[in-house]
Amino acid sequence: MNQFYKKEPQEIIASKKEVIRYLGYRALHQPDQVIDSLIDECIIEMQKILRPNLVWDSFELKVEENNSFINGNEITSRNLAENLSGCRRVVMLAGTIGSEADKLVRVTNVLNPAKACVLQATGAMFVEELIDMFNRKIDEEEKAQGNKTRRRYSPGYGDLELKTQKLFFNLLNCSKIGLTLMDTLIMAPEKSVTAFIGIE
């Protein structure tokens, strides 16, 4: 049965370092004072409108060569099969920080494209922080039962095609958290993530 994981906006701890990374800066080239202040401003604005929600479920899993079988569904992907090889179960999750984040980026882009770019990176950071929080929860619960977890893996990585998004929407009540899948296989709201977490 699908389960839900909801957090208050202030519970999602902002990582300025991650925003900087999403903006493409590297260790030897850090933001100047103007951009640094803009990042702080965007973090505050974005956090006020976050609506962090996640839906998930656990399924029996079988892996044969390049194929993963989940709840009667076959996924052909060498990379996913390698990630899940040796696992008995898999957690499937879909999480989002809500549509207000997308709206803020769109509105800001009209008058201040540079700030909109920073907001995009800020939104990406917040949704990853939400997924990381949930991931840690699963890790701790499974460890308490003597199980191990694998690093999560998402559609679009390696050879795991984006069409795999359809499986998440078939097995999880994504609409309950305001998620829709467009014909392009991109999710709305944009700041959303789907992922598999293998359980040994």
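**Cores, pockets and cysteines in a predicted model**

User: Which residues does Phe134 contact, leaving aside its neighbours within four places in sequence?

Analyst: Phe134 is in contact with Tyr5, Leu54, Trp56, Val91, Leu93 and Ile197. This is a predicted model.

User: What makes these count as contacts?

Analyst: The cut-off is heavy atoms within 4.5 Å. Phe134 meets that cut-off with each of the six residues, Tyr5, Leu54, Trp56, Val91, Leu93 and Ile197, so each is called a contact.

User: Where does Phe134 sit in the largest nonpolar core?

Analyst: Phe134 is among the members that touch the most other members. Met46, Leu54, Trp56, Val91, Leu93 and Phe126 share that role, in a core of 34 residues. H1, helix H2 (33-49), strand E2 (53-64), strand E5 (89-96), helix H4 (99-111), H5 and E8 each give two or more residues. The largest share, 12 residues, comes from H5.

User: Which residues belong to the second core?

Analyst: The second, separate core has 22 residues, including Val90, Met92, Tyr153 and Leu179.

User: Why is Cys87 called buried?

Analyst: Its relative accessible area is 8%. Buried means under 20%, so Cys87 qualifies.

User: And why is Cys174 called buried?

Analyst: Cys174 has a relative accessible area of 1%. That is also under 20%, therefore Cys174 is buried.

User: How many disulfides does the whole structure hold, and how do you know?

Analyst: Zero, from a search of the whole structure. A disulfide needs a pair of cysteine sulfur atoms within 2.5 Å, so no pair meets that cut-off.

User: What lines the largest pocket?

Analyst: The largest pocket has 27 lining residues. Glu128, Ser154, Tyr157, Val193 and Thr194 lie nearest its centre. Helix H1 (16-22), helix H5 (113-144) and strand E8 (192-199) each give two or more residues. H5 gives the most, with seven. The volume of this pocket is about 800 Å³.

User: What is the lining of the largest pocket by class?

Analyst: There are 11 nonpolar, seven polar and nine charged residues.

User: What makes a residue such as Leu160 part of the lining of the second largest pocket?

Analyst: A lining residue has an atom within 4 Å of a pocket point. Leu160 is listed in the lining, so Leu160 meets that cut-off. Asn73, Glu74, Ile75, Thr76, Glu161, Lys163, Thr164 and Leu167 are in the lining too. Strand E4 (residues 73-76) gives the largest share, four residues. By class, this lining has three nonpolar, three polar and three charged residues. The second largest pocket holds about 180 Å³ of space.

Methods
Residues are numbered from 1 along each chain as its sequence is written. This is a predicted model: local features need pLDDT of at least 70, side-chain atom pairs count only at pLDDT 80 or more; totals for chains, interfaces and linings use all residues. Side-chain values use heavy atoms; hydrogens and water are left out. Buried means under 20% relative accessible area, exposed over 50%, partly exposed in between (1.4 Å probe, protein chains only). On a 1 Å grid over the protein atoms alone, a cavity is a set of points where a 1.4 Å probe fits but cannot get out, and a pocket is an open set with protein on both sides within 12 Å along at least five of seven lines; lining residues have an atom within 4 Å of a point. Grid points are joined across faces, edges and corners, and a volume is the space filled by probe spheres set on the points. Ala, Val, Leu, Ile, Met, Phe, Trp, Tyr, Cys and Pro count as nonpolar, Asp, Glu, Lys and Arg as charged, and the others, Gly among them, as polar. A nonpolar core is a set of buried Ala, Val, Leu, Ile, Met, Phe, Trp, Tyr and Cys residues joined through side-chain atoms within 4.5 Å.
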